[in-house]
Amino acid sequence: MRTRTWRSATSNWFSLALALVVAGCSAPSVIQPPKHPPLPPPSPIPADIENIPDPVPRAEPKSARGNPPFYTVLGKRYYVLNSADGYVERGVASWYGPGFHAASTSNGERYDMYAMTGAHKTLPLPAYVQVTNLSNGKHVVVRLNDRGPFKEGRIIDLSYTAAAKLDMIKAGTTFVEVRALTPMQKASPPPAPPATSDLYVQAGAFGTEANASKLLGQLRSKGVDNAFVREDQVEGKTLYRVRIGPIPSVNEFDKVVKRLRMLGFPDARLAAN
């Protein structure tokens, strides 16, 4: 399982950090999470965990907690989206379990490691997303009710059950696609699992070849030898994508993204060829 240092450092005080939001010139508003009575440790893992059903997307009002215009964690500011409509992203998923079971989530509910839930940094709470494991094609639907993960390079944190159904418990992380679902929308056919050689880190995308070539030259001058420019047609326009790879593992992805940030390229993300 992944290292939990980042999560334990933020889990206990995140609700307070999230609540200290300044909108324009107004005074900070404090959103107090509800106080739940203590619960016993989680029960043994259910024998039929694979049969725990996915939630069905339904219309829900935005939670009174967990949806500020923006918030700051570990020195980084995150802006909460007004809507989840049309959201699709590929990146790395992680999961969190017994150490956080029954703790308050960002929208004030209890975290249940055996429910089909997840945490996201910017989608409104609650929201429903389909998560597909790009290494094996397995997919689940989860209801987002928490904020996180705040480790660089992670786009979603999943409950134990969701991670188990995606077959990522042992590894702790995996490449995924996260796709928002509208109320009553059924899960769409998952993307075909790309081969390892089809995954890349995208350092930038440009409308002009000159700008892409400039970034490519900067990367190569810094020793990033496996960078290249890919030309695509998007809605009738040419887009020049600067990519690095292929990327064989999450560990290698983390190394590349960290290196790019140190070189001054903070917007790197996972891309499939």
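These questions and answers cover the cores, one helix and some backbone features of a predicted model. Local features need pLDDT of at least 70, side-chain atom pairs count only at pLDDT 80 or more, and totals for chains, interfaces and linings use all residues. Residues are numbered from 1 along each chain as its sequence is written, and side-chain values use heavy atoms, without hydrogens and water.

User: Which element gives the most residues to the largest nonpolar core?
Analyst: A nonpolar core is a set of buried Ala, Val, Leu, Ile, Met, Phe, Trp, Tyr and Cys residues joined through side-chain atoms within 4.5 Å. Buried means under 20% relative accessible area, exposed over 50%, partly exposed in between (1.4 Å probe, protein chains only). The core has 33 residues, and those touching the most other members include Val129, Leu144 and Val178. Helices (H or I, at least four residues) and strands (E, at least two) are DSSP runs, numbered from the N terminus, and the top contributor, with 4 residues, is H3.

User: Which residues does Val178 contact beyond its neighbours within four places in sequence?
Analyst: Contact means heavy atoms within 4.5 Å. Val178 meets Tyr87, Val88, Glu89, Val129, Gln130, Val131, Ile155 and Ile156.

User: How many residues are in the second, separate core?
Analyst: Leu215, Tyr240, Val242 and Ala268 are among its members. The count for this core is 24 residues.

User: What distance separates the end C-alpha atoms of helix H4?
Analyst: H4 runs over residues 209-221, which is 13 residues. The expected span is 1.5 Å times one less than the number of residues. That gives 18 Å, and the end C-alpha atoms agree, at 18 Å.

User: What arc do the buried residues of H4 cover?
Analyst: The residues concerned are Ala212, Leu215, Leu216 and Leu219. The arc is that of the directions from the helix axis to the C-beta atoms. They lie on the same side of H4 because their arc is only 105°.

User: Which exposed residues sit on the face of H4 turned away from its buried side?
Analyst: The buried residues of H4 are covered by elements including strands E9, E10 and E11 and helix H5. The face turned away carries Ala210, Lys214 and Ser221.

User: Where is the cis bond that involves Pro126, and what is its omega?
Analyst: Pro126 is in the loop between E4 and E5. The cis bond runs from Leu125 to Pro126, with omega near -5°.

User: Is Glu235 buried or exposed?
Analyst: Glu235 is in the loop between E10 and E11. Its phi is positive, about 50°, although it is not a glycine. With a relative accessible area of 81%, Glu235 is exposed.
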